[in-house]
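Open the model in your viewer and keep the sequence panel beside it. The stops below say what to select and what is there.

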There are 2 protein chains.
Amino acid sequence: MAKAQSKRELILDIAEASVLSKGFGGTSIDEIISAADITKSGFFYHFRDKNHLARALLQRYLDTENAILDDIFDRARDLHGDPLHSFLIGLKLFAELMEDLPNGHPGCLVATVAYSERMFDQEVRDLNRQAILAWRERFLGVLKEIAAIYPPRDDVDLMTVADMITGTVEGGIVLSRAVGETAVLPQQIVLLRSYIRLLFSPAL
Amino acid sequence: MAKAQSKRELILDIAEASVLSKGFGGTSIDEIISAADITKSGFFYHFRDKNHLARALLQRYLDTENAILDDIFDRARDLHGDPLHSFLIGLKLFAELMEDLPNGHPGCLVATVAYSERMFDQEVRDLNRQAILAWRERFLGVLKEIAAIYPPRDDVDLMTVADMITGTVEGGIVLSRAVGETAVLPQQIVLLRSYIRLLFSPAL
DNA sequence: ATGACCACTGTACCGGCGGTCAAGTCGCGG
DNA sequence: CCGCGACTTGACCGCCGGTACAGTGGTCAT
């Protein structure tokens, strides 16, 4: 949670933390404005209503997450030219990043939106959908490169494998939070890495 | 969603559907009581407050889910004596069950509780935690049986593999809902099955 | 210096929602 | 016919999302 440079960013910071711990419907504007030391009118100056807050929240979240993913997998590319090995390094870096979060992963807004669909307008739901589809394409691209060199050992659909990357993270976050063990998420990513290695490695 | 035999069950049916589509904080008692054709006092006769509703909701959900899992993996046991093959059959049956849901999986209450932690008292959070831990133990038992016969091909922690079963389902549900493709969840389960097979099969 | 604009504040109001309270109703089994 | 479980009636409270609109202090270009 970086220091807010403007009231608008401060509102988003506070709202994000609250939404991830209480859900969107459980987050009150009154609570946000008192924490941000702003008036109700001040809040509605920045966001027309709660739906606009949700959209800004989700958009900002997706931008930062995608920047992190770009960074990790770009660095992994620099460390190894081979697509399989570079991807495995990327997953390891990702797991380490998740492990270094002191209080565990704060939660994924995509999941909260998915579990409160009927609270949002079509625009927010579409944004959420496009985010998942973008991750699917991102990982599918890498997996196709890998499969071109290393034929998969099992007859799997690469798109489903791409979804598994996102799904493992989403599932790992739910588990981590529910049991209160921050280690669960990084462990799940490492296990996913084991599957990818097993799937594409020629006779380990 | 079976037909309610009592007003109490009817309230739980309506509340469950609403909580899974709008979140707990987004579900209003007024909305539940008008759908259940009951008065507000009638609602509070059955549940002292929203927290007690949450507890009853979660408890009932866990009981039915565990009964379904018992049924599936018991049937799989009957179909094949070998623990690995029986587990693989169980996962297939599970995937088929998820595929046959006409509108996709309605969502998992464990995930909604995990993503609205601060809305509930300690009792509800503990119930949620115990549910995940019970699934961990359930699958860990099976995996230990399998590993005793088929040594895993990769040096994995079986508890983490057990968590992966639960995590795949939770992640698969989030993805399915977010992209609006009911097929994603069953696909993820089938892919998990591919990993289990790959992990334990002696040189496929 | 002045005026326009940005980022807010102040105040008053609305209906919905979670929750409380006390008293009453209706059917059913003992 | 009495008691009990499963509700209803109706009045009330304070919080919350949202609306409306007039006002204010600082910054910046002219």
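The tour starts with one chain, moves to the interface, and ends at single residues and salt bridges.

**Stop 1: chain A as a whole**

Bear in mind throughout that this is a predicted model. Select chain A and show it as a cartoon. Its secondary structure consists of nine helices and zero strands, so there is no sheet to look for: from the N terminus on, the order of elements is α-α-α-α-α-α-α-α-α. Measured out along the principal axes, a box of roughly 65 × 35 × 30 Å holds the C-alpha atoms of chain A.

Now switch on a surface for chain A. The accessible surface is about 8,900 Å², and carbon and sulfur atoms account for 53% of that. Of the 204 residues in chain A, 56% are buried. For contacts in chain A between residues at least 6 apart in sequence, 68% join residues at least 24 apart.

**Stop 2: the interface of chain A and chain B**

Add chain B and select the residues of each chain that touch the other. The selection should hold 50 residues from chain A and 49 residues from chain B. Together the two chains bury about 4,500 Å², with 63% of that area on carbon and sulfur atoms.

Turn on polar contacts across the interface. There are 21 residue pairs in polar contact between chain A and chain B, counting pairs with both residues at pLDDT 80 or more. On the side of chain A that touches chain B, the elements that give two or more residues are helix H1 (7-22), helix H6 (109-114), helix H7 (122-149), helix H8 (158-179) and helix H9 (184-200) of chain A. Which of these gives the largest share of that side? It is H8(A), with 14 residues. Coloured by residue class, the side of chain A that touches chain B splits into 23 nonpolar, 15 polar and 12 charged residues.

Six salt bridges cross between chain A and chain B. To see one of them, select Glu181(B) and Arg136(A), where the closest N and O atoms are 3.2 Å apart.

**Stop 3: Thr166(A)**

Stay with helix H8 of chain A and select Thr166(A), which sits in that helix. Is Thr166(A) buried or exposed? Its relative accessible area is 5%, so Thr166(A) is buried. Leaving out residues up to four places away in sequence, Thr166(A) touches Ile132(A), Trp135(A) and Phe139(A) in its own chain, and Leu175(B) in chain B.

**Stop 4: two loop residues of chain B**

Go to His105(B), in the loop between helix H5 (83-99) and helix H6 (109-114) of chain B. His105(B) counts as buried because its relative accessibility is 16%, under the 20% cut-off. A polar atom of the His105(B) side chain lies 2.9 Å from the backbone nitrogen of Gly107(B). Show the surroundings too: beyond residues up to four places away in sequence, His105(B) touches Tyr61(B), Met98(B), Ile173(B), Arg177(B) and Leu185(B).

Next select Asp37(B), in the loop between helix H2 (29-35) and helix H3 (40-46) of chain B. Asp37(B) is exposed, at 65% relative accessible area. For a distance check, draw a line from the C-alpha atom of Asp37(B) to that of Leu97(B): the two residues are 60 apart along the chain, and the separation is 33 Å.

**Stop 5: salt bridges within the chains**

Over all chains, the count is 28 salt bridges. Select Arg60(A) and Asp13(A), whose side chains form one of them at 2.8 Å, N to O. Arg60(A) is in helix H4 (residues 50-79) of chain A and Asp13(A) in helix H1, so this pair ties together parts 47 residues apart in sequence. Both Arg60(A) and Asp13(A) are buried. Extend the selection to Glu9(A) and Glu16(A): with Asp13(A) and Arg60(A), they are linked in a network of salt bridges.

For a pair within one helix, select Glu96(A) and Lys92(A), which form a salt bridge at 3.3 Å, N to O. Because they are four residues apart in helix H5 (residues 83-99) of chain A, about one helical turn separates them. Glu96(A) is partly exposed at 33% relative accessibility, and Lys92(A) is partly exposed at 34%.

Finish in chain B with Glu31(B) and Lys22(B), whose side chains meet in a salt bridge at 2.6 Å, N to O. Glu31(B) is partly exposed, with 26% relative accessibility.

Methods. Residues are numbered from 1 along each chain as its sequence is written. Chains are lettered from A and ligands numbered from 1 in the order in which they are written. This is a predicted model: local features need pLDDT of at least 70, side-chain atom pairs count only at pLDDT 80 or more; totals for chains, interfaces and linings use all residues. Side-chain values use heavy atoms; hydrogens and water are left out. Contact means heavy atoms within 4.5 Å. Buried area is the accessible area (1.4 Å probe) that two parts lose on being put together, summed over both. A salt bridge is a side-chain nitrogen of Lys or Arg within 4 Å of a carboxyl oxygen of Asp or Glu. A polar contact is a pair of N or O atoms within 3.5 Å; within protein, one must be able to donate a hydrogen and the other to accept it, and residues adjacent in sequence count only if both atoms are side-chain atoms. Ala, Val, Leu, Ile, Met, Phe, Trp, Tyr, Cys and Pro count as nonpolar, Asp, Glu, Lys and Arg as charged, and the others, Gly among them, as polar. Buried means under 20% relative accessible area, exposed over 50%, partly exposed in between (1.4 Å probe, protein chains only). Accessible areas come from the Shrake-Rupley method with a 1.4 Å probe; for residues, only the protein chains shown count as cover.
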